[in-house]
Each structure stands twice: as C-alpha cells, then as structure tokens.
Amino acid sequence: MPARPLPPVIGATENALRPLLTHALAASLIGGYEEWVYLNVRERSDDPALVEELVGDALKQPGEVVTAVRARLVDSGLLDTEGSLTASGREQVNRLRETVSEMTQALTAGIDPASLQATIDTLDIVRTRADQLFAS
C-alpha cells in the first residue's frame, strides 16, 4: 500500500512541471502549452488532417480549439498557411526541446535508472487508463 494516495501526487507534480514549461515557453515565440503540443505533433506528421486529429486527442479538445491553435501558430510565423513548420518554427521547437531536455536532466539527476523506468512504465499505464475512462 502506498504511503500517499496517487491523485494528489500526480496533481502536485503536474502543477510543479507546467510552470517550468510555461517559463521556458515565455522565452520563445511559442505562445503556450497548446501551441507547444501542436508544433511537436506537426513535426512528427506530414498529413495535416492527421495532425489536427492527433493534436485534438493529445489536448483532449475539439476541432475548433485545434483550428484556433493552428491559426495562432500561423499568425506568429511558426507555421505557414499550409500548416508546415517554418524555419523559425523548426528553430523554436529545436531550441525549446534542448531546454526541456536540460530541465528533465536536472529533474531526474541521481534517480536510479530502474526507478525512473518504473515511473515511466507506471505513468504510461495510468495515462492509458485515464484515456480509456475519458473515452467512455
């Protein structure tokens, strides 16, 4: 039996991590979390229709929200009118990924690799089950 219940631990962790990402994004042209998610999904997929669906799934938001996120990215010059990453968009994503990688290394420094993998595996299971509950 765990010493503490899982929901407050996950919530407190999310509440600590989101401001770190927000702080990193503030030093970029990326407008916020939703834009960050969109750019990361877009970089991995060349099919615009699939991107919209994947972003909606990732954000748990309807199509009109995703469309608005895309419009903000086009307006900021990070996506072109066809929805492809611009040179500036690629530069911003790459720079922010380096920042996130550095933050992650600082957060996980000194944690046993097996413990870290167990955490990843457990959170993957919890996320998958949360997605299933959300879908039902």
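**Exercise 1. Surroundings of Glu35**

Task: In this predicted model, determine which residues Glu35 contacts, leaving aside its neighbours within four places in sequence, and decide whether Glu35 is buried or exposed.

Solution:
1. Locate the residue: Glu35 belongs to helix H2.
2. Set aside the neighbours within four places in sequence; Glu35 is then in contact with Ile30, Val69, Arg72 and Leu73.
3. Consider the accessibility. The relative value for Glu35 is 7%, and the limit for a buried residue is under 20%. Glu35 therefore counts as buried.

**Exercise 2. Length and faces of helix H1**

Task: Establish how the end-to-end distance of helix H1 (residues 6-26) agrees with the expected span, and which residues of H1 are buried.

Solution:
1. Helix H1 has 21 residues, and at 1.5 Å a residue it should span 30 Å.
2. The C-alpha atoms at the two ends of H1 are 30 Å apart, which agrees with that expectation.
3. The buried residues in H1 are Leu21, Ala24 and Leu25. Because they cover an arc of only 85 degrees around the axis, they lie on the same side of H1.
4. A general rule is relevant here: an α-helix has 3.6 residues a turn, so residues three or four places apart point the same way.
5. The packing partners of the buried residues of H1 are helix H2 (33-44) and helix H5 (87-108).
6. On the face of H1 turned away from its buried side are the exposed residues Asn15, His23 and Ala26.

**Exercise 3. Backbone of Lys60**

Task: State where Lys60 lies and what is notable about its phi.

Solution:
1. Lys60 is found in the loop between helix H3 (48-59) and helix H4 (63-75).
2. Its phi is near 60 degrees, a positive value although the residue is not glycine.
3. For comparison, most residues other than glycine have a negative phi.
4. With a relative accessible area of 37%, Lys60 is partly exposed.

**Exercise 4. The chain as a whole**

Task: Describe the make-up of the chain, its burial and its surface.

Solution:
1. The chain contains 6 helices and 0 strands, and the order from the N terminus is α-α-α-α-α-α.
2. The C-alpha trace spans about 55 × 35 × 20 Å along its principal axes.
3. Of the 136 residues in the chain, 23% are buried.
4. Among contacts with a separation of 6 or more, 56% join residues 24 or more positions apart.
5. The chain exposes about 8,900 Å², of which carbon and sulfur atoms supply 59%.
6. The chain has 12 positive and 20 negative charges, whose mean positions are 3 Å apart.

Technical notes
Residues are numbered from 1 along each chain as its sequence is written. This is a predicted model: local features need pLDDT of at least 70, side-chain atom pairs count only at pLDDT 80 or more; totals for chains, interfaces and linings use all residues. Side-chain values use heavy atoms; hydrogens and water are left out. Helices (H or I, at least four residues) and strands (E, at least two) are DSSP runs, numbered from the N terminus. The expected span of a helix is 1.5 Å times one less than its number of residues. Buried means under 20% relative accessible area, exposed over 50%, partly exposed in between (1.4 Å probe, protein chains only). The arc is that of the directions from the helix axis to the C-beta atoms. Contact means heavy atoms within 4.5 Å. Accessible areas come from the Shrake-Rupley method with a 1.4 Å probe; for residues, only the protein chains shown count as cover. Lys and Arg count as positive and Asp and Glu as negative; His and the chain ends are not counted. The place of a charge is taken as NZ of Lys, CZ of Arg, CG of Asp or CD of Glu.
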